[in-house]
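Reader: I should like to learn how to read a protein model feature by feature. May we proceed step by step, with the general idea before the particular case?

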Amino acid sequence: MAKTWIAGLALAISMGCAPHIPLYPAPVSTWPATRAASVQPCALMHLEVDESLSNGARGWFRGTWRQAYSSFVLRLGDRVVLIDAGLGEATPTDVDSAPWWFRLALGNAARPALGLAKLLKQAGIQPEQVTHVLLTHRHWDHTGGLRELPNARIVMASAEADAALAQREPFAEGAMSVHFQGLASRIDRLVFDGPPLLGFAASRDVFGDGSVIAVPTPGHTLGATSYLVQSPAGPRWLFIGDAAWVKEGFEEPVAKGYLAGSVADHDADQTAGTLGRLHAIAAAKLAHLVTSHDSRTWVDLPRCATASVAP
Ligand SMILES: [Zn+2]
C-alpha cells in the first residue's frame with residue numbers, strides 16, 4: 001500500500017478536505033440469538049510493515065503505524081471459516097504484474113509475506129479443510145490466498161461478486177482479476193434480507209445459527225461487508241475489513257489520509273457514513289471492532305497457533 005512519501009504528498013496537497021463524518025447515537029441492538037458453541041477467533045499475520053500513521057488516519061505527523069496484512073480463522077463446529085484470504089504464495093508475482101504506480105507505491109514490501117497455506121499449516125489446519133471464506137471486500141490483499149483453498153465456498157456481497165467477476169483488467173480498483181479466475185462456481189452471494197443490526201439497515205445470518213452475522217458497510221468498496229462474530233457467553237467482534245485501516249479511524253472518528261483514502265476508498269461520503277456508524281458501536285462498546293491492518297484492534301484475539309485452533 002502507500003508508503004511514507006504519500007504522506008508528504010498529502011501534506012502538500014491538502015488540508016481541510018476531510019469528508020464530514022456523521023455522528024450517530026449508540027445503536028439499540030437486539031442481539032440475534034446464537035445457537036452456536038463458543039468461538040475463539042484467531043489472527044494469521046502474513047506481513048507487517050512500518051507505515052506513516054497519517055496515511056491511516058488523516059492528520060499531520062502522527063508517527064508510524066505497524067501495518068498488518070492479515071486473515072482470521074474461526075472454528076465453528078465442523079466448519080473451518082476464514083475472514084478474508086490475505087496474501088498468497090504468489091502475491092509478490094501478482095504485484096509484479098500490477099501497474100507501475102502501484103509497484104512504486106508498494107515497493108518490495110510484499111516480498112517477505114507468508115502465504116495463506118503456509119500460515120494455515122503452521123496453525124495445524126490443512127488448506128483443503130477450510131470450508132468457507134467470508135470476504136470483507138475484493139481488494140488484492142484480502143484475496144491473495146483464495147487459490148490456495150481448493151474446497152472453500154467464497155462468501156461475499158452480491159455487488160462485490162459482480163464487480164470481481166466482471167473485471168477484465170489484471171488490476172483495477174485495488175482488485176486483481178487473477179485472484180478470482182476459475183472460482184465463479186464457488187462464490188455464494190450474500191443477500192441482506194435480515195433485520196437491521198447495530199445501526200445498519202439490514203443483515204444476514206451467514207450460517208443460520210447466529211454465530212456470524214454480515215452487515216453491509218459500503219464505501220471502501222461498493223459491496224464492502226463487515227461480520228459480527230458472537231459466542232453465547234463470550235465477547236463480540238465486528239470484523240470491519242478496511243472500513244478503517246487503524247483504530248483512530250473509528251475511535252476519533254477520522255477518515256484515512258487524504259491521498260491514501262482517495263486512492264483506496266471507492267466512495268468517500270459512503271465511507272464516512274459507515275465510519276460514523278462504526279464509531280457509534282465502538283463508543284458504546286457493543287463489540288470489539290477489528291480492522292484487517294491494525295493489530296492494536298485485535299482485542300481478545302490471539303495469533304493462531306496449533307493449540308488455539310485445535311478442535
Ligand atoms: Zn486491505
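Reader: Where is Pro-253 found?

Author: Pro-253 lies in the loop between helix 8 (247–251) and helix 9 (258–264). The model is a predicted one. In it, the peptide bond from Glu-252 to Pro-253 is cis, and its omega is near -15°.

Reader: Which residue other than glycine has a positive phi, and where is that residue found?

Author: Leu-198 is one such residue, with phi near 55°. Its place is the loop between strand 8 and strand 9 (204–205). Asp-300 is another non-glycine residue with a positive phi, of about 55°. Asp-300 belongs to the loop between strand 13 (288–291) and helix 11 (306–309).

Reader: Is Leu-198 buried or exposed, and is Asp-300 buried or exposed?

Author: One counts the other C-beta atoms within 10 Å: 20 or more make a residue buried, and 12 or fewer make it exposed. Leu-198 has 24 such atoms, and is therefore buried. Asp-300 has 12 C-beta neighbours inside 10 Å, so it counts as exposed.

Reader: What does a value in between look like, as for Leu-286?

Author: Leu-286 has 19 other C-beta atoms within 10 Å and is therefore partly exposed. It sits in the loop between helix 10 (268–283) and strand 13. Neighbours within four places in sequence aside, Leu-286 is in contact with Ser-29, Leu-198 and Ile-281. Leu-286 and Ala-68, by comparison, are 218 residues apart in sequence, and their C-alpha atoms are 24 Å apart in space.

Reader: How should a sheet be read, and in what order do its strands lie?

Author: Strands of a sheet pair through backbone hydrogen bonds, and they may do so in parallel or antiparallel fashion. Here, 6 strands form an open sheet in the order 1-2-3-4-5-8, with mixed pairing. Its edge strands are strand 1 (42–52) and strand 8 (187–190), each of which pairs on one side only. From one strand to the next, the twist averages 20°.

Reader: How many bridges join strand 2 to strand 3?

Author: There are 5 bridges between strand 2 (residues 64–76) and strand 3 (residues 79–83), and these two strands run antiparallel. Within strand 3, Val-80 is the residue that Arg-75 stands opposite.

Reader: Which helix packs on the sheet, touching strand 5 and strand 8?

Author: That is helix 7 (residues 158–166), whose direction makes about 110° with that of strand 5 (153–157).

Reader: Why do the buried residues of helix 7 lie on the same side?

Author: An α-helix has 3.6 residues a turn, so residues three or four places apart point the same way. In helix 7, the buried residues are Glu-160, Ala-161, Ala-163 and Ala-164. They cover an arc of only 165° around the axis, which means that they are on the same side of helix 7. Among the elements covering these buried residues are strand 5, strand 7 (175–176) and strand 8.

Reader: Finally, how many helices and strands are there in the protein, and what is its radius of gyration?

Author: The protein has 11 helices and 13 strands. Its radius of gyration is 18 Å, which agrees with the value near 19 Å of a compact globule with 311 residues. The C-alpha atoms fill a box of roughly 55 × 45 × 35 Å along the principal axes. Of the 311 residues, 49% are buried. Among contacts with a separation of 6 or more, 68% are between residues 24 or more positions apart.

Methods
Residues are numbered from 1 along each chain as its sequence is written. This is a predicted model: local features need pLDDT of at least 70, side-chain atom pairs count only at pLDDT 80 or more; totals for chains, interfaces and linings use all residues. Two strands pair if DSSP finds at least two bridges between them. Helices (H or I, at least four residues) and strands (E, at least two) are DSSP runs, numbered from the N terminus. Axes are lines fitted to C-alpha atoms, for helices over the stretch in contact, and angles run from 0 to 180 degrees between N-to-C directions. Two residues are in contact if their C-beta atoms, placed from the backbone, lie within 7 Å. The radius of gyration is taken over C-alpha atoms; the globule rule is 2.2 Å times the number of residues to the power 0.38. The arc is that of the directions from the helix axis to the C-beta atoms.
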